[in-house]
Amino acid sequence: MTPGVLNRWHGLAAGLLGVLLLLQQGAHAVAAPFSLAAPNAAVPRPASSASSSSPRHDLSRWCERVSPRLPRIDRKQCVRSGLAPTGAWSVRRVPILSRRIAADKGARNPLRILLVGGIHGDELTSSAVVFEWMQMQAAAPRQEFNWHIVPVLNPDGLLARKPTRVNASGVDLNRNFATPGWHKEAPAWWVQKTRRDPRRFPGRAALSEPETRWLHQEIERFRPDLVVSVHAPFGVLDFDGPAPPPERFGNLRIDRVGVYPGSLGNYGGLHKKIPVVTIELPNARAMPSAHESRRIWDDMQRWIAINLAARPLPALATDEAVQLRR
Ligand SMILES: [Zn+2]
């Protein structure tokens, strides 16, 4: 082959590669089901949808898909939640949404609380109950705490034809957090204790998944004084971390479920020393009564107010620390 022919061949190959890349990007743009604004240059938004799109319109579309999966939450309630884009996406490119509720000025103990539902997509009530609590909290006469609320961390699991515990990559997100020694302990635990149960696959590496990577970063950014993680169906409370554990929220009583490599309770409570309450609702598909849902919420707020103090923010000027606490 002469150099000239070789150059032409290279040019042709580069051209083909370019066309393939364009096609691939186009396929992504078509496959991306939502247009909630997120800083992601890899998926260009078509100009038409960018001009017609608004956060409320996008939330409405998100709710149209998500709310049919949620017991006792209809689309209107979902839209009223006021959830906003976080910039994070699931594996299947569904946005992960959250709501911030700021403490009132003059709140005595404006703790920062991260509340997460739907880590396991087949625990439908663990997302639905968070929507109910968001409504209760938004309607409360005073805001004592700074809330950061994420009702659906695993939208792909929730939206799967048959909802799944794992995300779209087949990873159990609650075994994928970066607990010390993860690379040895998590795979060994999966093989030996679960006999390679596909519902409990911890992933190939800690934080291999976009959903866990985002929550991990969010814990670093938001610096919660408390993490509340909602699950089902064991009907108990679990607690990890440096604070007196709650004894009872509603009918749920404390009963330590155990410590798992890669779990959020293990990561937050034992490794990061942030108190983590795990609420295990008694049923993954049937909601607790409205009365019981309210009691769990009220009891939790009381326990927080009595037992938790805001953690100091080191190495910050006082006014910066005050800003961060808002
Ligand atoms: Zn769970």
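User: What is the order of the strands in the open sheet of 9 strands?
Analyst: The model is predicted, and its open sheet has mixed pairing. β1 and β7 (248–249) stand at the edges, each with a single partner strand, so one side of each is left without a neighbour in the sheet. Read across, the order is β1-β2-β4-β3-β5-β9-β6-β8-β7.

User: Which strands of the sheet does helix α9 touch, and what angle does its direction make with that of β6?
Analyst: Helix α9 covers residues 264–271 and packs on the sheet. The strands touched are β5 (226–231), β6 (236–240) and β9 (276–280). With the direction of β6, the helix makes an angle of about 45 degrees.

User: How many residues of α9 are buried?
Analyst: The buried residues are Leu264, Gly265, Asn266, Tyr267, Gly268 and Gly269. They pack against α8 (210–222), β5, β6 and β9. The helix is largely enclosed by the rest of the structure, because the buried count is 6 of 8.

User: How many bridges join β1 to β2, and which residue of β2 is the bridge partner of Trp89?
Analyst: Strands β1 (residues 84–89) and β2 (residues 95–101) run antiparallel and are joined by 4 bridges. Pro85 has Leu97 as its bridge partner in β2. For Trp89, the partner in β2 is Pro95.

User: Is Arg93 buried or partly exposed?
Analyst: Arg93 lies in the loop between β1 and β2, a hairpin with 5 residues between the strands. Its phi is positive, about 65 degrees, although Arg93 is not a glycine. Most residues other than glycine have a negative phi. With 19 C-beta neighbours inside 10 Å, where 20 would make a residue buried, Arg93 counts as partly exposed.

User: What phi does Leu207 have?
Analyst: Leu207 is placed in the loop between α7 (182–193) and α8. It has 19 other C-beta atoms within 10 Å, so Leu207 is partly exposed. Although Leu207 is not a glycine, its phi is positive, at about 55 degrees.

User: Which peptide bond is cis, with omega near 15 degrees?
Analyst: Most peptide bonds are trans. The cis bond here leads into Pro233, a residue in the loop between β5 and β6. The bond runs from Ala232 to Pro233.

User: Which helix gives the most residues to the largest nonpolar core?
Analyst: That core has 66 residues, of which Val116 and Ile279 touch the most other members. Not counting residues up to four places away in sequence, Ile279 touches Val228, Val230, His231, Leu237, Phe249, Leu252 and Ile296. With 7 residues, the most is given by α5.

User: How far does helix α5 reach from its first C-alpha to its last?
Analyst: Helix α5 (residues 124–139) has 16 residues, and its buried ones include Val129, Val130, Phe131 and Trp133. At 1.5 Å a residue, the expected span is 22 Å. The reach in the model is close to this, at 24 Å.

User: What is the mean pLDDT of the protein chain, and over which residues is it below 50 or under 50?
Analyst: The mean is 84, and 79% of the residues reach 70 or more. Over residues 1–7 the pLDDT is below 50, with 1 contact beyond near neighbours in sequence. Another stretch stays under 50 and has 9 contacts beyond four places in sequence, namely residues 11–33.

Note on methods:
Residues are numbered from 1 along each chain as its sequence is written. This is a predicted model: local features need pLDDT of at least 70, side-chain atom pairs count only at pLDDT 80 or more; totals for chains, interfaces and linings use all residues. Two strands pair if DSSP finds at least two bridges between them. Helices (H or I, at least four residues) and strands (E, at least two) are DSSP runs, numbered from the N terminus. pLDDT is the predictor's confidence in each residue, from 0 to 100. Two residues are in contact if their C-beta atoms, placed from the backbone, lie within 7 Å. Axes are lines fitted to C-alpha atoms, for helices over the stretch in contact, and angles run from 0 to 180 degrees between N-to-C directions. The expected span of a helix is 1.5 Å times one less than its number of residues. A residue is buried if 20 or more other C-beta atoms lie within 10 Å of its own, exposed if 12 or fewer, and partly exposed in between; C-beta atoms are placed from the backbone. A nonpolar core is a set of buried Ala, Val, Leu, Ile, Met, Phe, Trp, Tyr and Cys residues joined through C-beta atoms within 7 Å.
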